[in-house]
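Please open the structure in your viewer and keep the sequence beside it, so that each stop on this tour can be selected in turn.

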Amino acid sequence: MLPTLSVLNLNGAVPQIAVAGAGMLIMLIDALFHRGSRRWAAYLALLGLAVALARVVESGASAETILDGALARDGLGMAFALVLIVAAALSVLVAMDYLRREEHERAEYYALILFATAGGLAMAMANDLVAVFIGLETLSISLYVLSAFFTGDAASREAALKYLLLGAFASAFFLYGIALLYGASGTTRLVEMGTAIRLAGTQADPLLWGGVALIIVGVGFKLALVPFHSWAPDVYQGAPTSVTAFMSVASKVAAFAALVRLLVVVLAPAAPLTSALLALLAVLTMTVGNILALAQDEVKRLLAYSSIAQAGYILVAAVAGEVGAAAVLFYLLGYAFTNLGAFAVVLAWSRRGEGRLPFSDLAGLGFRRPWTAAALSLFLLSLTGMPLTVGFVGKLYLFGAAVQAGWTWLAIVAVLNSVVSAFYYLRLVVIMYMREAEMPLALQRAGLALGVALAVCAAGVILLGLVPGVALDWARQAVAVVLS
Amino acid sequence: MDWPVLSIMLFTPLVGSVIVLALPKEKPALLKWVALAISFIPLILAALVWFSYDRGTGGMQFVERAAWISAINVHYYLGVDGISVPMVCLTALLTTLSLFYSFIIDQRPKEYFAFFLLLETAMLGVFMSLDFFLFYVFWELSLVPMYFLIGIWGGPRREYAAIKFFLYTLVGSVAMLLAVIAMYLETGSWDILEMARLQPFSTNLTLAAVAFWAVFLGFAIKVPVFPFHTWLPDAHVEAPTAGSVILAGILLKLGAYGMIRILLPIFPAMFRQFAPVVGILAAISIVYGALVAMSQWDLKKLIAYSSVNHMGYVMLGVTAAAAAAGSGPAAADSQAIALNGAVLQMWNHGIITGALFFLVGVIYERAHTRDLKAFGGLGAKVPTFAGILTVTTFASLGLPGLAGFVSEFLVFRGAFALIRPFAIVSSLGIVISAAYLLWKVIQHVLLGPLNERWARLTDMNRREVITLAPLIFFMVIFGLYPAPILDLINQAVVTIVGSL
């Protein structure tokens, strides 16, 4: 029987429709009337995201589902959706002046960002493994294209190809995992799958364990967890910087949303095994990410390894299952501001036509560009986890959840890793403020949109660090309402 | 007082640092005077708190409490007692003097003075906080401006020293943080006084021991206790003069203060159990610190190591009090005496070593060397400098009549009664420190034939004399008549000893 419109509940899908609709509109307008500057496309993208954001905030969480049960509108989904939309909007702001400067200002860029966001929204709210997969593919394919966006640039093309090949692998793993879980439980709906697993007990069912393992591998690729991380540094470095900024935040938010829901709704009965597996991945990811970051001499690649390590920290709370879900959410909110802000500074400072920002280019910028340098220092301190920034509250919450769930040793590993990370984050600060430039960089004006994005990110980092109460309550309440 | 005196004291420097940043950098004189003027506000308020603290009632006074992050039960909770009041006053005093001394800074004065004021807020915050979360925030916040002060305005190896300082302290801080998170999950509170009442992990001794050592590590690195002291010589030597003054004068006290305010009251049983270990570390710090100081030929490095030696006395006093925890009123007197000595030693070390670092700065500005072998015979050439250096050195080696003697005497009086073997070993440190201060500092700098290189050396100018005068005043006055400060300290110490 075909589902009726009321079952589809398209009203609840307004965020996705607004975002994807704005993307299609951009493509259409650009094809029919394209003339001169493409700035309008960015504004249209921001408008679509604003509508989606308004809808998410206004409608709030509820128990109803969308598209006949494929998507959930529960607190968890809506909260991750909110973080994703904010990150996408900041990414659009960050890209506007950069694309013009690099002479790659084309309307498709914004459309692709919107499509990727729509995919991410589907992952965040998915209540069905097939929906997760469709969201994942929409997000990933958009990102493959975005990575190759600077078509004249060999590094950009290479990054895209590498991403495409390894991403396809990951998708295959994920899909095979879905198949096995379907075989084990007879359904792809998460809630029903959770019930089936609970009823069947957690005794050795090779289908179930195989499926779980494959899905974790698939998500692990997307999150660039060690040992599935090898694509990330090259792709992060080769892709246009504005794409890297978006990718490093949006794909993590979406993938963690799906992972948290899987852990809470479906795999709660299997917690001992999944937690042990994830704890192992967390240790590897944090440690390898941080150690490799120590050896870098270029900011973009450093941030790539840093974001691998950051995913490891978040995983520490994911290990704690339900207890850690709120911490994951809050940390990702802070991480969105912090990481996008840091990449925005890289965008502002990198030489034209070059994706790289070698450490030596930073020398002396602390006093030549006091505001931007102060902002970058703030973001780096937040990534380190210094108090009065959101990074501190976030890490406190992440590691606190681990301790609360009895994973004290994991929290200790995480904390030691934070100390290691302080070394390379601070090194950038040292170079900015404590060294004189040998060959001063010719800096462009940052541009208004980038300035706005930087200001929003810095304000977010400080406000969430200073008065985190509202956001902490929000995160806690959001994860309390999970469709199950 | 019905107005929030502590908050005003705490946030005036923060606001001041923003004001300084907003001033035009073409007018360095203006922003220096503005920064100095701003620093007088917390100084005056600190004096006001000193005099209006009710010694009869005791306990925490000028308390301010408001919910901050209710999701995790964090409060904005300030208050001072007889231990924190002297520390708050020391902070305000040394900051004002340092700012005044720093008028010679020509390189980026705006940022320098802004960082200095920010640092004052952080340090005051540590001494005032009664909520562990707030305490930790200020504790970490104190790292950032000091890191920049060393890294931008420091000596030739400043980059290395700055990052080493930061990372060492961070290792300790995060260890402490994990323990504190566990304590919060256990007690449901960040309130430092409440935690001392609830005694977390009193049923799980393994966990209690782990938490004790984690918190100990955080504070021991800052004090610093041997073997966690290796960051100190680098940071102190590379920091600009005023930075060294603040480092030695106040930042080391943050660690010692944490030992007394947090570690001792919250884990008395654990501290008692591990008192022999901590006692050994304290004794090593005292003797080893003194020996290493004696082997230095760089004046600044010598004074840096003398801090390891002198802060060891603080640890010895704290250990003595801890070793007799829970043994009732019989030991209470000696415990109180030892702890009084420890707190007074914190104050005295701040005053004396602060002065010594200023004096190193004075001579280095002129001679551009700190090599003790290059000096000699300066006593007749620069009499004011010689006089002040002599008084300060004597205070440092514990000459009766000067402040250092009183606190060291109290520490040893308490320690001899409670942990005699450690006290005996540690008393070697007094002899060695007298030796290096007389031999290296007095003899090599002031006595002997005048090196012709220094024939045109000028004596201290008015700015430098004004900077040092208050410090000399306190060395003498509290050496002759320590009652005003001891009354204040004793009140709080007796409360702590009573609760052990």
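The tour below goes from the model as a whole to three salt bridges.

This is a predicted model, in which local features need pLDDT of at least 70 and side-chain atom pairs count only at pLDDT 80 or more, while totals for chains, interfaces and linings use all residues. Residues are numbered from 1 along each chain as its sequence is written, chains are lettered from A and ligands numbered from 1 in the order in which they are written, and side-chain values use heavy atoms, with hydrogens and water left out.

The model scores ipTM 0.86 and pTM 0.90. Chain B has a mean pLDDT (the predictor's confidence in each residue, from 0 to 100) of 89, and 100% of its residues reach 70 or more.

Over all chains there are 19 salt bridges, each a side-chain nitrogen of Lys or Arg within 4 Å of a carboxyl oxygen of Asp or Glu.

Select Arg261(A) and Asp74(A) first, whose closest N and O atoms are 2.8 Å apart in a salt bridge. Both Arg261(A) and Asp74(A) are buried (under 20% relative accessible area, with exposed over 50% and partly exposed in between, using a 1.4 Å probe and protein chains only).

Next, select Asp234(A) and Arg301(A), a salt bridge with its closest N and O atoms 3.2 Å apart. Asp234(A) is partly exposed at 26%, whereas Arg301(A) is buried at 17% relative accessibility. Add Lys162(A) to the selection, since Lys162(A), Asp234(A) and Arg301(A) are linked in a network of salt bridges.

Finally, move to chain B and select Arg65(B) with Asp191(B), where the closest N and O atoms of the salt bridge are 3.7 Å apart. Arg65(B) is partly exposed at 48% relative accessibility, while Asp191(B), at 8%, is buried.
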